[in-house]
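Reader: I should like to go through the terms applied to this model and see how each is justified.
Author: Please put the questions one at a time.

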Amino acid sequence: MMLRTTTRAGARGLVLTAALAGSLSLAACGASNESGNNAAASGSSSAPQLTGDLVGAGSSAQQAAMQAWQAGFNSAQPGVKFSYDPVGSGGGRDQFLAGGTDFAGSDSALTDDELAKAKDRCGSAGVFELPNYISAIAVVYHLDGVDELNLTPATIAGIFNGSITTWNDPKIAADNPDAKLPGTAITPVHRADKSGTTENFTDYLSKAAGDVWTAGKVGEWPISGGEAANGTSGVIASVSGGQGTIGYADESQAGDLGIAKVKVGDTFVKPSPQGAAAVVANSDRVQGRGDNDLAIDVNRTTTSADEYPVVLVSYHIGCVEYDDKAKADAVQAFESYVISEDGQKAAADAAGSSPITADARKAAQTVVDAISPAA
């Protein structure tokens, strides 16, 4: 079934879930096939052997998935040297739009202004935006003696806008009647870098608690105060190293930190790959974009207890046409592997992601097949 931009049912093929984590510095990886040949991408000995360099940068939340894709891809195509710099989604998009990389990993789709810049980068054929996994964003905390925590959207917004400053605040206590909440000061930790995780988190706050969070959807943290940290790993380290700290990060990187349950409808829901997948399955594609752009408008205000709305949808962003044939072949081969059953299984095994559906793969493969050398 092909995806449509006009109905929720159309977006249901885009269930690509993941909760990704880890750290890496990638080098020496291979590309795979040509023209969407998934067998070649997944390691068939008959794969056409490619050469050259393939350079990406962006999302730090994609690190574990990228590491898994690197390993599988390298087994098929050692001739293409692959590198990925996890500088953050904003940095990755900036580098790609400036021509410094071949593709970007981003936890948010391009903005309208960035789409305009992409015309200069990619020409009339435009860009592709492929959602390659969905990651639940966990509200993580470190507070001795509090093993379980329930938070409403408005309370989360109040904590991160600085209006709720102690852990025994009545707003927190109201939803945690059995917890022994101390009067410890709250230290909210946010991303210091331009971040797709921040953009998705603030999108959730603005839609689910817009009367409290008035700063809107932003990729760079808009409020002074609290503590700033670079990258997903930096947020986790800062929350772990403090007391009374709270932050937002990819759920799979939470480690031993506490993870809050978020109120969805009348129920407090903990993040999970299944809940993240479910909310995206009931979300629409962004309207008004090209055929090769599969950006998703996440339904942040769901009331279903089976859905977890604090999620990021992570993308690979690149040109539909490249000036160099070897580059076009490498990008096409890599993306074909990423969306293939083997590629999705590799990411699932390494990072706890949920493989994309057959419908999602069909829609994504149509986009991947369009990647080609410029005429």
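Reader: What makes Asp324 a cap of the N-terminal end of H11?
Author: A side-chain oxygen of Asp324 lies 3.1 Å from the backbone nitrogen of Ala326. A polar contact is a pair of N or O atoms within 3.5 Å; within protein, one must be able to donate a hydrogen and the other to accept it, and residues adjacent in sequence count only if both atoms are side-chain atoms. The model is predicted: local features need pLDDT (the predictor's confidence in each residue, from 0 to 100) of at least 70, side-chain atom pairs count only at pLDDT 80 or more, and totals for chains, interfaces and linings use all residues. Residues are numbered from 1 along each chain as its sequence is written, and side-chain values use heavy atoms, with hydrogens and water left out.

Reader: How do you know that H11 is mostly covered?
Author: Of its 15 residues, 13 are buried, that is, under 20% relative accessible area (exposed is over 50%, partly exposed in between; 1.4 Å probe, protein chains only).

Reader: Why is Gln77 called buried?
Author: Gln77 has a relative accessible area of 0%, so the residue is buried. Its side chain reaches the backbone nitrogen of Leu50 at 2.9 Å.

Reader: How confident is the prediction over residues 1-45?
Author: There pLDDT stays under 50, whereas the mean for the chain is 86. Where pLDDT is low, the predicted coordinates should not be read in detail.

Key. Contact means heavy atoms within 4.5 Å. Helices (H or I, at least four residues) and strands (E, at least two) are DSSP runs, numbered from the N terminus.
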